[in-house]
Amino acid sequence: MGQPDGGWYDDTPPRVISSSPADRGVNVNVKKVNINFNEYIKIEDAQNKVIISPPQLEQADIKAAGRRIIVELKDSLKENTTYTVDFSDAISDNNEGNPMGNYTFSFSTGDHIDTLEVSGYCLNAEDLEPVKGMLVGLYDYESFVDSLFHKEPMMRVSRTNASGRFTIKGVAPGSYRIFALNDADGDFVFGQKSETVGFSHDKIEPSWKPDTRQDTIWRDTLHIDNILRVPYTHFLPDDVTLLCFQEPQTDRFLLKTERQDPEKLGFFFSYGHEEIPQLRGLNFHSDSAFVVEPSLKRDTVYYWLRDTTLVNMDTLRIEASYYMSDSLGALFLQTDTIEALAKVSYEKRKKEEQKEYDKWKKEQDKKKKREEKYDSIMPVKPLQMKISPTGQVEPLQTVRFESPQPLTPVDTSAVHLYVQIDSVWYKAPHEFTQISPRICTLKAEWQEGLEYSLEVDSAAFETIYGLAASRIKQGLKVSEADKFSTLTVELSGLPPLDSAAVVRVMMVDKSDKIVRQTVMEADGAATFFYVKPATYYLRAYVDQNGNGEWDTGCYDENRQAEPVYYFTEEVECKEKWDVSRKWNLTASPRYKQKPAAVTKQKPEKARQQKNRNLERAKQLGIEYLKGKGVSL
């Protein structure tokens, strides 16, 4: 007794039975293509997966209708040109979703078909991440001028997949320049600074050769049935690598102003400038009214109000003068009138304070009735300084003090550091510095294994509003050296360096976040001391101008981004280990360097033909059904 299970599955992908015009047809002059299949089909994500080359300025109409795909080109056909419609893996049957596999339809308006291909990778220049969805195309090498990338669409195009891989098909013999573009406006030219680009000066000369590859036939998921050597046409080059970057966004304009907290004003710009905005009060006296706190790149500037009278004003009218860009990108001095309105009004803040006071007063009255100790004056909350690290300190670490509000100049004599040696406390040499309105640092030559006491007198830290910190006493113990590892990296294979260039080597974790950084010494070695035990990865870049930060490129200035490299292996550091690695920066091609463990852009899982009949056969107790004509 039982019920039928539906029989054998349909695991056969669709196949093309005819087309109009014919696939690889020549002397074609029609703009509508009909491709007929042996079963009902569907197209997945045609807008992103289907690539037509030469690129179509007016988007083609691509749709599935029953057992047919219809492609209707809107642009005029070019003479003596091969057209390719690369469907990638977008086609599958309608019912079971069996993928057809990569499929390309081509035809020519001339008397021959161009069949050469150019393949390679697009990587993010800053971290060698594969870049998905980049448009990659060719220009004729002999007639190319730099301005062409801004004016004329590329001749033939492709788009990168999740691995950053691209294949440009239907290429004619000749020599080419290759470019990558994140085409934001769909015009196939580099027209906006915000568009990510990649370019190479190398001459691309497509070619081919006969070759063989191994094709593994699996009996099941664990056993190999056979390994075949399959002949195929190997198109070259197949490893072009484009390092893509976004040019510096130097156009400067004011994004917004805000007064989230009543005591500070925030100005946010699209790009920093060495001169911060100059403010003049229109309904208050602005002379010495502000403590200015710019960000590191000076694209964000906070103005802290010194006077509490100004803090209590709900609306401050300000004349702000700052540099911004005109339509041509040139800077000019702009003057605006700004009304800085506090997010929470003074009246509401006073009500909140009164509510807090009433709550405190109620608690004190209850204590008084119970004849317990109580306060008659509400105490002022002390300033809470954020100190890091606490408890344990590493031999090369700096102690950092951060205040929620700007500080008055700190009396360095009120900051003390003591070290315990043989049960006796001694003064320890240290350097205390106020590096910004809200942040101070303390540096010391920490001795491993010893205990320190960091002590700060009361009121040593005081904000511009008179809020003072209580006395601070913080015990610190320095970790012993045998709790760490030492890593030495010997670098080679460096490109030629200018006199100002510096090679910066970084240790990164599994999220590709920089943990430690140092510079390569004259002998080619970079050493990291006191490394915490863990698994790390190595990244390096050539700081060509020695400014301490990675710089992007600029197409119009013919400048590539500063070169970045990854060590292909992980580095394990353990306690008491002295670890050394030899690293030839250019031994592996760039697209093979970044370890998969730190690569965020993972390859998409390939759509594979299903093989459900094998599982059904196993369930029925049948090992193999070749003789019965069942496709397994």
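What follows is a conversation between a trainee and a mentor about a predicted model.

Trainee: In the open sheet of three strands, which strands stand at the edges?

Mentor: The three strands of this open sheet follow the order E4-E7-E9, with antiparallel pairing. Each edge strand has a single partner strand, so one side of each is left without a neighbour in the sheet. The strands in that position are E4 (51–53) and E9 (103–108).

Trainee: Which residue in E9 does Tyr83 stand opposite?

Mentor: Strand E7, which covers residues 82–88, runs antiparallel to E9, and six bridges join the two. Across this pairing, the residue that stands opposite Tyr83 is Phe107.

Trainee: Is Asp86, which forms a salt bridge with Lys169, buried or exposed?

Mentor: The side chains of Lys169 and Asp86 meet at 3.8 Å, N to O, and this pair links distant parts of the chain, since Lys169 belongs to strand E13 (residues 165–171) and Asp86 to strand E7, 83 residues apart. The relative accessible area of Asp86 is 16%, and the cut-off for the lowest class is under 20%. Asp86 is therefore buried.

Trainee: How far apart in sequence are Glu402 and Arg438, whose side chains meet in a salt bridge?

Mentor: Their N to O distance is 3.5 Å. Glu402 is partly exposed, with a relative accessible area of 22%, whereas Arg438 is buried, with 17%. Glu402 is in strand E28 (residues 399–402), while Arg438 is in the loop between strand E31 (430–434) and strand E32 (439–444), and the pair is 36 residues apart.

Trainee: What is the relative accessible area of Glu44, which forms a salt bridge with Lys49?

Mentor: In the pair of Glu44 and Lys49, the closest N and O atoms are 3.4 Å apart. Glu44 counts as partly exposed, because its relative accessible area is 39%.

Trainee: Where does Glu142 lie, and which residues does it touch beyond those up to four places away in sequence?

Mentor: Glu142 is placed in the loop between strand E11 (135–140) and helix H2 (148–151). Its relative accessibility of 58% makes it count as exposed. Leaving aside residues up to four places away in sequence, the residues that Glu142 touches are Ser175 and Lys203.

Trainee: Which residue of the nonpolar surface patch has its place in strand E17?

Mentor: The patch, of about 310 Å², is made by Trp218, Ile224 and Ile227. One of these residues counts as partly exposed at 42% relative accessibility, and its place is in strand E17 (residues 224–236). That residue is Ile224.

Trainee: Is Asn80, which has a positive phi although it is not a glycine, buried or exposed?

Mentor: The phi of Asn80 is about 50 degrees, and the residue is found in the loop between strand E6 (68–72) and E7. Because its relative accessible area is 58%, where the cut-off for the highest class is over 50%, Asn80 is exposed.

Trainee: In which loop is Arg298, another residue with a positive phi?

Mentor: Arg298 has a phi near 60 degrees, a positive value in a residue other than glycine. Its relative accessible area is 30%, and it is partly exposed. The loop is the one between strand E22 (290–294) and strand E23 (300–305).

Trainee: Where is Pro389, to which a cis peptide bond leads from Ser388?

Mentor: The bond from Ser388 to Pro389 is cis, with omega near 0 degrees. The place of Pro389 is the loop between strand E26 (386–388) and strand E27 (391–393).

Definitions and conventions
Residues numbered from 1 in each chain as written. Predicted model: local features only at pLDDT ≥ 70, side-chain atom pairs only at ≥ 80, totals over all residues. Heavy atoms only, no water. Patch = residues over 30% accessible without salt bridge, like charges linked within 9 Å, V, L, I, M, F, W, Y side chains within 5 Å. Areas by Shrake-Rupley, 256 points an atom, 1.4 Å probe, with all protein chains shown as cover. Salt bridge = Lys/Arg side-chain N within 4 Å of Asp/Glu carboxyl O. Buried < 20%, exposed > 50% of the residue type's maximum accessible area, 1.4 Å probe, protein only. Pairing = 2+ DSSP bridges. Contact = heavy atoms within 4.5 Å.
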